[in-house]
Amino acid sequence: MRERLLAAERVTAIDWRKGTLRLLDQRLLPLEETWLSYETAEGVADAIRQMVVRGAPAIGIAAAYGLVLGLRARVAAGGDWRAALEDDFTVLAESRPTAVNLFWALNRMRDRLERLKPGEDPLPLLEAEAVAIHESDREANLTMAQLGVDLIRKHHGGPQKILTHCNTGALATGGFGTALGVLRAAHLEGLIERVYADETRPWLQGARLTAWELANEGVPVTLNVDAAAAHLMKTESITWVIVGADRITANGDVANKIGTYQLAVTAMHHGVRFMVVAPSSTIDMGLESGEDIPIEERDGRELLEIGGKRVAAEVEAFNPVFDVTPADLIDAIVTERGVVERPDTERMAQLMSRKRLH
Ligand code: MRU
């Protein structure tokens, strides 16, 4: 399976080469494939804020490379580079609030910095740490793809219709994707009759990114408005809803793209299974429950305008971009450390005491 997935890989969104970070501008997809280059931590923070790069694991990876760029500039400027680097940690950490992968990656970079021995050159060591964060995310996705497929097959061995939300593919991660990685692998195993992709208002990650990634690989995909999900579950014998996550708390609650919570409620009503796929870098054992997760609210213009043109009446808009699905609506959380069925505090703690499977 690993080799077949590697062979099917088409898309990447983050490219680190010769000390320059290049990001595929996801605001322009699928109409334009434009790569932008970054040389500063502040530039990378801005790219995260503006969603040039998006998706929980991908923003963590980009932030790690951003810190390397910051370090290079601080060392070149001379003086107390360690103190100056704190500004880069801050600007990157403030770029987006909900996905914990961002803070997880910055903490890993800080830990590496603190383990430097006297006289060691920090730049190659921190660069190696950022590359390791990137590569281990790809590896985690390959492991999760296999585990997710095993879980699908355990309940039903034939081709089936599966609903997904937002974009959790190669674009949102270090490669292959989380939930989308499972869908890719399931397609290779003959388990997909059709993927239904929610368009994912207002930013349209489903319409612009998920549909593009799946169609590029020949996976049968149909786009639907978010509000069609209940109707689809009732009329199309959907077997699974499979989504990613931006932060999972110690009790198994899951923050993910706005609209996920109502999908989980609807899935329970229709007897459709609900799977969350995310690497352990998305799990925040420091927060007891989803109530503690900061939920990003973005500019109301994302709702009020289309393509920069006002389409709504002159009213205020409420634009929270994530919501929290309670653990008791989730059948399984798939991570690279293993699968937790019917997640709760005890099972999450057991999972986090295990090592990665690969
Ligand atoms: O606002 P975004 O596009 O950065 O949202 C994050 C996501 O991509 C999703 O919520 C996703 O389901 C989890 S990240 C693989």
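**Close-ups of the ligand site and some unusual backbone spots**

An oxygen atom of the ligand comes 2.7 Å from a side-chain N or O atom of Lys257, in a model that is predicted.

**View 1. Polar contacts to the ligand (pairs of N or O atoms within 3.5 Å).** Besides Lys257, look for Asp246, with a side-chain N or O atom 2.5 Å from a ligand oxygen. Gln205 puts a polar side-chain atom 2.8 Å from an oxygen of the ligand. On its own the ligand exposes 400 Å², and the protein buries 99% of that (Shrake-Rupley, 1.4 Å probe). Local features here need pLDDT of at least 70, and side-chain atom pairs count only at pLDDT 80 or more, while totals for chains, interfaces and linings use all residues. Numbering runs from 1 along each chain as its sequence is written, and side-chain values use heavy atoms, with hydrogens and water left out.

**View 2. The shell around the ligand.** It takes 18 residues to surround the ligand (a heavy atom within 4 Å), and Arg54, Arg96, Asp246, Asn256 and Lys257 are the closest. They split into 7 nonpolar, 7 polar and 4 charged. Domain 1 (2-135) and domain 2 (141-352), with bounds from an automatic or database assignment, both contribute to this shell, so the ligand lies between them.

**View 3. Backbone oddities.** Most residues other than glycine have a negative phi, and most peptide bonds are trans. Leu29 and Pro30 are joined by a cis peptide bond, with omega about 0 degrees. Another cis bond, also with omega about 0 degrees, links Arg201 and Pro202. Phe176 is not a glycine, yet has a positive phi of about 70 degrees.

Methods
A polar contact is a pair of N or O atoms within 3.5 Å; within protein, one must be able to donate a hydrogen and the other to accept it, and residues adjacent in sequence count only if both atoms are side-chain atoms. Ala, Val, Leu, Ile, Met, Phe, Trp, Tyr, Cys and Pro count as nonpolar, Asp, Glu, Lys and Arg as charged, and the others, Gly among them, as polar.
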